[in-house]
There are 2 protein chains.
Amino acid sequence: MEVRIPKRTLAEGLSILERIIPSRSSNPILTYLPIELSEQGLILRGTNGEVDIEVKLPAEVQGLGQVLIPAQTFAQIVRSAPGEMVELVFGQGERLELHSGAFSTQLATTSPDGYPMLAFAAPGAERIVAARLAQAITRVRYAASTEEYRAIFRGVQLEMSPTSLRAVASDGYRLAYYDLPMQLQSRKLVIPARSADEIVRVFKDTQGEVALVVGEGTLTLVGEAVRMSVKLMEGEFPDYARVIPQTFVLEATLQAEALRESLRRVAVLSDRNNHRVNLLFNDGKLDIDAEGDYGRGREELQVEATGEPQLMVAYNAQYLIDALTPIEGAVRIKLSGPTSPSLVQAVEDAGYLAVVVPLRV
Amino acid sequence: MEVRIPKRTLAEGLSILERIIPSRSSNPILTYLPIELSEQGLILRGTNGEVDIEVKLPAEVQGLGQVLIPAQTFAQIVRSAPGEMVELVFGQGERLELHSGAFSTQLATTSPDGYPMLAFAAPGAERIVAARLAQAITRVRYAASTEEYRAIFRGVQLEMSPTSLRAVASDGYRLAYYDLPMQLQSRKLVIPARSADEIVRVFKDTQGEVALVVGEGTLTLVGEAVRMSVKLMEGEFPDYARVIPQTFVLEATLQAEALRESLRRVAVLSDRNNHRVNLLFNDGKLDIDAEGDYGRGREELQVEATGEPQLMVAYNAQYLIDALTPIEGAVRIKLSGPTSPSLVQAVEDAGYLAVVVPLRV
């Protein structure tokens, strides 16, 4: 068995797998990389128990078979290989020789027996633009919970319907969703937030579509070169529609970045426990202020506002900054009152909506 | 009391101080920034008990006086200030107002009573190019010890004489020195390695000379805008000249970077405890190999060698890589035998010398 492959191709393939293959594990076989020589080229796989990934790399292959090699060591060696090409020669006696330029190594390999079967569903008819899915997840990910209780909120919910795919995250105090117009079969699934991060990492720069297959407790994404299978969480989010206000007493529009920057400055002086900032909407102006142990910060911004001439509302500055972060250009803030939930929407992107609950006055 | 100063000038001044002013301290007053309005401009100071720094900034100043302000909060606010200028107004009742663009804050200030006196020696006649001193320290710093025992090796020794300034560091297993030709009064002093890092950080990009004043247990560097005083360690290095070999059985010359890269590649497979790599000098070739739990790595380089036709020597790969790191261009390695110390020298920079002790075969 022999492989010839450009160093860069191999290194890129390994970089997709490296983050999920554990460097230490109670099941040490998971720290190995299953490497398969097939008629389709070189196939690399890996799993962390939650996410399975398979990467197919074009390569000149002689002979067919599969072995395990220590993943981290192999990746380090490939990255530092001096030549443009890497040659792998799988010899007798569980030995792999790697040659690149003047450099060569021998690595101990292991039989693939005992490595868990990674099952990737066969692609069905449903397809989705990979980078768009990654984008939708990225925009709401911040709102997912990191707390132990209400474990379902540690996931990102994907809601598919004949009109859209919606990514939703919430920690019970805030909520964000992002809608992609799309025609899919109706269902809801919740992906652990960390696995959602892996989907983003692997597919955010992927060109074109991937097939989307929902199986028994798994979501599989099948791309040209990469297949990825993610374990789903059990259950679904409680009905969140009722926390989204429908009527508003004040609507204000301003530039999201200017507001973010102001909040960051003023929040430096906010109370270190609740990061409280006060927003006073007053006759076309927004007055932001915060006060803590060290003093007081204040800044004034221009806004376009309709509704009540004057309204004071307080937020955890970080929550409001988070809600603004996915927004480019203008933001519309819709207040339903000083203590009831506020909406944060992107003026130029109808897909995004965030709900932030004000702090009590 | 009022100050007008470009935001950038103030932020740069603060960045010099920020790293040494502790964010927490058993003596909380050290977390404050003493800020003085003087006829020379704005003067900022700070200390971590080991290193004292004073920075003088050109500013429009009205009124004279000194207050303490919470250093970290102030620095954060200045960095995020929206305007090009920052205005500081020191009011009655221990209050500082900061204005920048549409943003303003009020910060609580404290009386400077109780803040330790920072004494900076008056500049004498001895001067040194600041960036060159920083360079000399940088080139040997890696060799300083991090171990608790033989505490003196946790410092960088500066040896001044009528012909040179030498920076030396050692951990007892290796040694590096760097000589700057220079005319100074003869003396030796040892700077704690961490304080040496601060000297590098503050002066590495400084144009021109600084005055160099050795006082009672302190070294003071006096530049145009910055004064820095560093506590010295007691004692000096044991005589290291005797570990530097004078006769050699083999001398080899090759490109430092190529050797570094080879060592890094081959060392991936080295034993994880001693990072052992074997170097076989053999008839114009250098064969580098290492073997560990996962396999074996090997690479061959061309060298120009004189002396013994063949010699095998083993090193801790990291130690040899460290010794090569300050070298640009070609390196000359001089072997005094397979188990006695080796010299590593830069062919194009006579100032640098490192001693690395081989591992036992």
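Visitor: Which domains does the domain assignment of chain A give?

Guide: Welcome! The assignment splits chain A into domain 1 (2-108), domain 2 (127-231) and domain 3 (244-356). Keep in mind as we go that this is a predicted model.

Visitor: What does chain A contain, and what does its C-alpha trace span?

Guide: Chain A has six helices and 26 strands. Along its principal axes, the C-alpha trace spans about 80 × 45 × 35 Å. Of the 361 residues in chain A, 40% count as buried. Take the contacts in chain A between residues at least 6 apart in sequence: 66% of them join residues at least 24 apart.

Visitor: How do I read the contact of domain 2 of chain A with domain 3 of chain A? How many residues does each give?

Guide: The centres of domain 2 and domain 3 of chain A, taken over C-alpha atoms, are 28 Å apart. Nine residues from domain 2 of chain A and 11 residues from domain 3 of chain A make the contact. On the domain 2 side, strand β13 (residues 174-181) of chain A gives the largest share, seven residues. Sorted by class, that side of domain 2 has six nonpolar, no polar and three charged residues.

Visitor: Now to helices. How is a pair of packed helices described?

Guide: Two packed helices are described by the angle between their axes and the distance between the axes. Here is a case: the axes of helix α1 (residues 7-18) of chain A and α2(A) come within 9 Å and cross at roughly 145°. The crossing of α1(A) and α2(A) is left-handed.

Visitor: Which residues make the contact of α1(A) and α2(A)?

Guide: From α1(A) come A:Lys7, A:Leu10, A:Ala11, A:Leu14 and A:Glu18, and from α2(A) come A:Ala75, A:Val78 and A:Arg79. By class, this contact has five nonpolar, no polar and three charged residues.

Visitor: Let's turn to sheets. What is the order of the strands in the open sheet of nine strands?

Guide: Follow it with your finger: β23(A)-β19(A)-β20(A)-β21(A)-β9(B)-β8(B)-β7(B)-β1(B)-β5(B), with antiparallel pairing. Strands of chain A and chain B both appear in that order. At the edges are β23 (310-316) of chain A and β5 (60-62) of chain B, each pairing on one side only. From one strand to the next, the twist averages 15°.

Visitor: How many bridges join strand β19 of chain A to β23(A)?

Guide: Seven bridges join β19 (residues 276-282) of chain A to β23(A), and the two run antiparallel. To find a spot in this pairing, look for A:Leu279, which stands opposite A:Val313 in β23(A).

Visitor: Which helices pack on these strands?

Guide: Helix α5 (residues 256-267) of chain A packs on the sheet, where it touches β19, β20 (285-292) and β21 (295-302) of chain A as well as β9 (103-108) of chain B. The direction of α5(A) makes about 165° with that of β21(A). Helix α1 (residues 7-18) of chain B lies across β1 (2-6), β7 (85-91) and β8 (95-100) of chain B, and runs at about 90° to β1(B).

Visitor: Where do the side chains of a strand point?

Guide: In a regular strand the side chains alternate between the two faces of the sheet. Try it along β1(B): B:Val3 and B:Ile5 point to one face and are buried, whereas B:Glu2, B:Arg4 and B:Pro6 point to the other and are not.

Visitor: What are the partners of β1(B)?

Guide: β1(B) is joined to β7(B) by five bridges, running antiparallel. With β5(B), β1(B) pairs over three bridges, also in the antiparallel sense. B:Glu2 is a handy landmark: its bridge partner in β7(B) is B:Val89, and in β5(B) B:Glu2 stands opposite B:Gln62.

Visitor: How many residues of chain A are in contact with chain B?

Guide: There are 25 residues of chain A in contact with 25 residues of chain B. On the chain A side, α2 (71-80), β9 (103-108), α5 and β21 each supply at least two residues. By class, that side has 10 nonpolar, eight polar and seven charged residues. Strand pairing links the chains too: β9(A) pairs with β21 (residues 295-302) of chain B over five bridges in the antiparallel sense. There, A:Gln106 stands opposite B:Arg296.

Visitor: One last feature: is helix α6 of chain B mostly covered or mostly uncovered?

Guide: Helix α6 (residues 317-324) of chain B is mostly covered, with six of its eight residues buried. The buried ones are B:Ala317, B:Tyr319, B:Leu320, B:Ile321, B:Ala323 and B:Leu324.

Key. Residues numbered from 1 in each chain as written. Chains lettered and ligands numbered in written order. Predicted model: local features only at pLDDT ≥ 70, side-chain atom pairs only at ≥ 80, totals over all residues. Domains from an automatic or database assignment. Contact = placed C-beta atoms within 7 Å. Helix = DSSP H or I, 4+ residues; strand = E, 2+ residues; numbered from the N terminus. Nonpolar A, V, L, I, M, F, W, Y, C, P; charged D, E, K, R; others polar. Pairing = 2+ DSSP bridges. Axes fitted to C-alpha atoms, helices over the stretch in contact; angles between N-to-C directions. Buried ≥ 20, exposed ≤ 12 C-beta atoms within 10 Å, placed from the backbone. Left-handed = near helix turned anticlockwise from the far one by under 90°.
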